[in-house]
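Subject: Structure for you to look at

Dear colleague,

I am passing on the structure we spoke about, and below it I have written out what was found. Please keep it open beside you while you read.

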Amino acid sequence: MNSSEESAVSAMSAGRSALRMGPAELVQAAAMARRFYLEGKSKIQIAEEFGVSRFKVARVLETALECDLVRIEIRVPAELDAERSDALRSRYGLRHAVVVESPAEEVDLEGEGADPENLGAVAADLLGELVTEGDVLGLAWGRSTIHMAAALHRLPPCTVVQLTGVYDAGTAERGSVEAVRRAAQVSGGDAHPIYAPMLLPDPATAAALRSQTGIARAFEYFDKVTVAAVSIGSWEPGISTVHDMLTDEERAHYASLGVAAEMSAHLFDKQGRRVGRDLGERCITVEAERLRRIPEVVAIAGGLRKASAIGAVLRSGLVTSLVTDTSAADYLLTESEPGPRPALERADPDSHEVSGR
């Protein structure tokens, strides 16, 4: 048994199905079940105590389950949906899928579109499991990753590097640098933030910034990243930061290419193929193929308005794990088949090649 799963056993002496057993058998079966399920004794130990063979103990325990004398319940914290999590992991070939109950207010499509804040706390706990001492943790810009960093309370000693520039649109929150520093503070490791906007006016300006000492040093760590956390946006106002930073003409251009999702300034159509690659030349961000080589890339995104975009990014093969909510999970579990387990295969839909870890 572990902290997230608890076996609860109840003896039912008057259950209708248990009447097939006599009173002595019921008492003995209940005692054996208590020893096995609650006290953690082995079948051999129980057999020695009761003076029977271990095969007899196995038969009694099996009969106790069949007769409803023993009930085993698997419990996880109320906010986690274990069944949806496992179904989503299997459907998309994810290494880890964690589905959190959607907030009560997530009932329509007219809401703000931001990821539920509780996703950040759950993602913080997941990173605490995945990151090991000596890892390099990469954090991309996103409200969900900022919430995650704020919720971090344990991390092994590791280096933390920023994977994208900051959202620089006047009134926008600027929390990615603080998120990197917060994660490094919790882990006790070095921080490598990027003090630059995510989107620049032209490729030449972006190239000049990439060559600056501090930014170049952060980029040098990109190939060393072992665990990354990223956000996902759908191509809508208020949900994709890149969408909001572009002009109306530019938005219309990329929309004409079929863009359905955005992650770390990379654009994807519904099939997970990258579109509008010229935009990356103007951005301070980790390259898509570098992301594909990172062993563990955790995407944090939820809400019904982002569900289709999440599916598109999962098909890209760039992420390996997902923290989402029940609203998005239900959509992802009923949409058309995602293909040959894209997250596990790390396959690029454009090349149909598989990229190894």
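To begin with one residue, Arg-292 is buried, with a relative accessible area of 2%, and please bear in mind throughout that this is a predicted model. Arg-292 forms a salt bridge with Glu-289, the closest N and O atoms lying 3.1 Å apart. Both residues belong to helix α12, where they are 3 residues apart, which is about one turn of the helix. Glu-289, for its part, is partly exposed, with a relative accessible area of 34%.

Glu-289 also comes up when one looks at Arg-274, a residue of strand β9 (residues 274-275). Arg-274 is buried yet has no salt bridge, and Glu-289, the nearest side chain of opposite charge, is 5.1 Å away; a salt bridge is counted only within 4 Å, so that distance does not qualify. Leaving aside residues up to four places away in sequence, Arg-274 touches His-266, Leu-267, Phe-268, Ala-288 and Asp-350.

The structure holds 14 salt bridges, and two others deserve a careful look. The side chains of Asp-223 and Arg-290 meet at 3.1 Å, N to O; because Asp-223 lies in the loop between α9 (213-220) and β5 while Arg-290 lies in helix α12 (residues 288-293), this pair ties together parts that are 67 residues apart in sequence. Arg-290 counts as buried at 18% relative accessibility, and a network of salt bridges links Asp-223, Glu-287, Arg-290 and Arg-293. The side chains of Glu-250 and Arg-282 likewise meet in a salt bridge, at 2.9 Å, N to O. Since Glu-250 is in helix α11 (residues 248-256) and Arg-282 in the loop between β9 and α12, that pair ties together parts 32 residues apart in sequence.

Turning to the strands, 5 of the 5 residues of β5 (residues 227-231) are buried, and this holds on both faces, with Val-227, Ala-229 and Ser-231 on one side and Ala-228 and Val-230 on the other. Strand β2 (residues 136-139) pairs with β5 in the parallel sense over 3 bridges, and Leu-139 has Ala-229 as its bridge partner in β5. Strand β10 (residues 296-300) also runs parallel to β5, joined to it by 5 bridges, and there Val-230 has Ala-299 as its bridge partner.

Finally, helix α5 (residues 118-130) and helix α6 (residues 143-151) pack at an angle of about 65 degrees, with their axes 7 Å apart. Among the residues making this contact are Gly-120 and Leu-127 of α5 and His-147 and Met-148 of α6.

With best wishes

How values were computed
Residues numbered from 1 in each chain as written. Predicted model: local features only at pLDDT ≥ 70, side-chain atom pairs only at ≥ 80, totals over all residues. Heavy atoms only, no water. Helix = DSSP H or I, 4+ residues; strand = E, 2+ residues; numbered from the N terminus. Buried < 20%, exposed > 50% of the residue type's maximum accessible area, 1.4 Å probe, protein only. Lys, Arg positive; Asp, Glu negative; His and termini not counted. Contact = heavy atoms within 4.5 Å. Pairing = 2+ DSSP bridges. Axes fitted to C-alpha atoms, helices over the stretch in contact; angles between N-to-C directions.
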